[in-house]
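Let's take a walk through this fold, one strand at a time. Have the viewer open and follow along.

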Amino acid sequence: TPIKPPVIHGQGGISKKGEGATQASHYYSLTRMETHGTLKVHGRVLEVKGTSWMDHEFGSNQLSENQMGWDWFGLQLDNGTELMLYQIRRKDGSLDPFSSGTIVHTNGSSQHLTLSDFQIKPDGGWQSPKSNGKYPSTWTLVIPNQDMTLTLTPTVPDQELITTRSTGVTYWEGSVIIQGTVQGKPMKGKGYVELTGYSEWMQRQF
């Protein structure tokens, strides 16, 4: 059950992913949803509840030839704020200037963020024993105009997905815990991170 209204990412309903006209998508999220139900584990039925995030994105193109992959972050802070951020990495190691994000305030209003509004720095790494892909692991996120500094730590180091029987790509996608400060006050939260283009398999896709 949505707690906040849908948020449309990008500008004018368009979320740009590169300089090409077709490098774009329509992208909206329900960033905070009250969730409850049952989970059956080894024959035992458990009552569960929590908070979910739903994305729906549809577009016309993949990455361009000079783009390697992306780092995507969906974060829910305990103060009722949410963040969606993505960095598109180029093959030369730089970040595409069309990388961007959205901050969703406690009242449901949202604000577009450009790449110049935030910095995401990896503080460690993890190498997959299966694909040999080398992924960043643990990040420091800084948004100066929000006086926000957050540390994101994976709940489990190995959250790699090798989808040879379906989409045929290999990527890291999983949960993180959040600790830091917002406007000088301690802050915690939970989040989800998706990393593509770090394994040899994913690089061949583009």
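Two strands count as a pair here if DSSP finds at least two bridges between them. With that in hand, and keeping in mind that this is a predicted model, look at strand β5 (residues 67–77) and its partner β6: they run antiparallel and are joined by nine bridges. One of those links is easy to pick out, since Gln67 has Arg90 in β6 as its bridge partner.

Now follow the chain from β5 into β6. The two strands form a hairpin, with four residues between them. Stop at Gly80 in that turn and check its backbone: phi is positive there, at about 90°.

Next comes β6 itself, covering residues 82–90. Is this strand mostly covered or mostly open? It's mostly covered, with eight of its nine residues buried. Besides β5, β6 also pairs with β7, again in the antiparallel sense, over five bridges. To find your way across, use Tyr86, whose bridge partner in β7 is Ser100.

Strand β7 spans residues 100–104, and Val104 belongs to it. How exposed or buried is Val104? Its relative accessible area is 2%, and the cut-off for buried is under 20%, so Val104 counts as buried.

So what sits around Val104 once its neighbours within four places in sequence are set aside? Its contacts are Lys4, Val7, Thr31, Gly80, Thr81, Glu82, Ser109 and Ser110. Gly80 is the residue from the hairpin turn we just visited. Lys4 is 100 residues away from Val104 along the chain, yet their C-alpha atoms are separated by 9.4 Å.

How values were computed: Residues are numbered from 1 along each chain as its sequence is written. This is a predicted model: local features need pLDDT of at least 70, side-chain atom pairs count only at pLDDT 80 or more; totals for chains, interfaces and linings use all residues. Side-chain values use heavy atoms; hydrogens and water are left out. Buried means under 20% relative accessible area, exposed over 50%, partly exposed in between (1.4 Å probe, protein chains only). Contact means heavy atoms within 4.5 Å.
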